[in-house]
Amino acid sequence: MSGISGLRTWVAERPPAAGTAVMATAVISIGLRLAGVEVVSRIFLVLACLAWLTLAATFAVRLAGQRGRWAEEARDPAALTAVAATAVLGTRISLLGVQPLAGALLALAALLWPVLLVSVLRHWGQRMPGTVFMCCVATQALAVLAATLGGAEATAWLAHAALVLFWLGLLLYALALPRFDSRQVLQGPGDHWIAGGALSISALAGARLVSADSARLYLWNKDDSGVLHEVTAILLVLDLACYAVLVLAELARPRPRYGLLRWATVFSMGMTAAATLAVTAALDVSWLSGPGTVLVWVAVAVWLVAAAGAVLTARAGHRGPREAGAPDVTSTARR
């Protein structure tokens, strides 16, 4: 009984940012799949599913028995990790060919997205941490899944909905950028990487939209297709530049201590790798395949380091980002 009680306590204490671990693990699975390493990709998929079930249990416990706490946490941009994690996992499941389950995850994510997005936008502040870009990430995650399903099922309305979400995601990125505290690049505990991760998932969304079109499913005219190609390519270039800047910042100001928000770093690195490989296929830029594959394995290595940090932190009796060395995201976002 004490074990069950401890498990309930552990689930109840999970902060909203815990969703970044699901996002990171699912996107690593996507990247490995795109790199052709299917067996390892499926191992990460299983881990992502288990992590998502924990996230879903936490969300349900909050909503059913702790409404006040749920409403409070829904103001935090990190709450949108629930949407992004569900949609990214759905994308990997769609690539597996299990479209009904992927569709159910899309419906669930789409249900949560407007509620959490409105709550977060109403409480935006100035000088916010990297989680401010979660508004873009969550929106583009929906776009990626809708485009992937639209292409797999030859469903035009899903692809067109994905296109709307794609442009909305870019708008939200533009609105979030001036609110981001740029000092976080040198001082942030890990979530500052979402500034780049939002660009990479936007590039992935563009690539999935380009790939969704086919001879049997006319989605865009030549002008629209040309714009989509160009914007997708620009987004990838910006993402790779941001990736390089963030790596240099980590080298200039090392922050080796583990914190829950480090999973946002893993997610962003993995998403850059996946976006590079997806754009390689969608825009037929074959020379990017090699660098994309290298970036996948770099992300896997960083995932292993983060997982080891999580295990060591748990064994030491730490709980949550504050005890693990990361600041309280909610209080930071309100300042």
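This briefing walks through the fold, confidence, salt bridges, cysteines and surface of one protein chain. The model is predicted. The protein chain has 15 helices and zero strands. Buried residues account for 55% of its 335 residues.

**Fold and confidence**

- Take the contacts in the protein chain with a separation of 6 or more: 84% of them join residues 24 or more positions apart.
- The average pLDDT of the protein chain is 87, and 86% of the residues score at least 70.
- Residues 318-335 fall below a pLDDT of 50. Beyond near neighbours in sequence, this stretch still has 38 contacts in the model.
- Where pLDDT is low, the predicted coordinates should not be read in detail.

**Salt bridges: a pair within helix H3**

- The structure holds seven salt bridges.
- One of them joins Arg-42 to Glu-38, with the closest N and O atoms 2.9 Å apart.
- How are Arg-42 and Glu-38 placed in helix H3? They are four residues apart, so about one helical turn separates them.
- Arg-42 is partly exposed, at 45% relative accessibility. Glu-38 is also partly exposed, with a relative accessible area of 26%.
- Arg-42 and Glu-38 belong to a network of salt bridges that also includes Arg-33 and Arg-92.

**Salt bridges: pairs that link separate elements**

- Asp-181 and Arg-127 meet through their side chains in a salt bridge, at 3.9 Å from N to O.
- This pair links distant parts of the chain, 54 residues apart. Asp-181 sits in the loop between helix H8 (156-176) and helix H9 (184-187). Arg-127 sits in the loop between helix H6 (99-122) and helix H7 (134-153).
- Are Asp-181 and Arg-127 buried or exposed? Asp-181 counts as buried because its relative accessibility is 8%, under the 20% cut-off. Arg-127 counts as exposed because its relative accessibility is 54%, over the 50% cut-off.
- Arg-262 and Glu-250 form another salt bridge, at 3.0 Å from N to O.
- Arg-262 lies in helix H12 (residues 262-282) and Glu-250 in helix H11 (residues 222-252), so the pair ties together parts that are twelve residues apart in sequence.
- Both partners are buried: Arg-262 has 12% relative accessibility, and Glu-250 has a relative accessible area of 15%.

**Cysteines**

- How many disulfides does the model contain? The count is zero.
- Why is Cys-135 not bonded to Cys-136? The sulfur of Cys-136 is the closest cysteine sulfur to that of Cys-135, but it is 6.4 Å away, too far for a bond. A disulfide needs the two sulfur atoms within 2.5 Å.
- Cys-136 is likewise in no disulfide, as its nearest cysteine sulfur is that of Cys-135.
- Cys-135 is buried, at 0% relative accessibility. Cys-136 is buried too, with a relative accessible area of 0%.

**Surface**

- The protein chain exposes about 14300 Å², and carbon and sulfur atoms supply 67% of that area.
- Which residues make the nonpolar surface patch of about 570 Å²? They are Val-39, Ile-43, Val-46, Leu-47, Leu-50 and Leu-53.
- Leu-53, one of the patch residues, lies in helix H3, which spans residues 38-65. Helix H3 also holds the salt-bridge pair Arg-42 and Glu-38.

Key. Residues numbered from 1 in each chain as written. Predicted model: local features only at pLDDT ≥ 70, side-chain atom pairs only at ≥ 80, totals over all residues. Heavy atoms only, no water. Buried < 20%, exposed > 50% of the residue type's maximum accessible area, 1.4 Å probe, protein only. Patch = residues over 30% accessible without salt bridge, like charges linked within 9 Å, V, L, I, M, F, W, Y side chains within 5 Å. Areas by Shrake-Rupley, 256 points an atom, 1.4 Å probe, with all protein chains shown as cover. Salt bridge = Lys/Arg side-chain N within 4 Å of Asp/Glu carboxyl O. Helix = DSSP H or I, 4+ residues; strand = E, 2+ residues; numbered from the N terminus. pLDDT = per-residue confidence, 0-100. Contact = heavy atoms within 4.5 Å.
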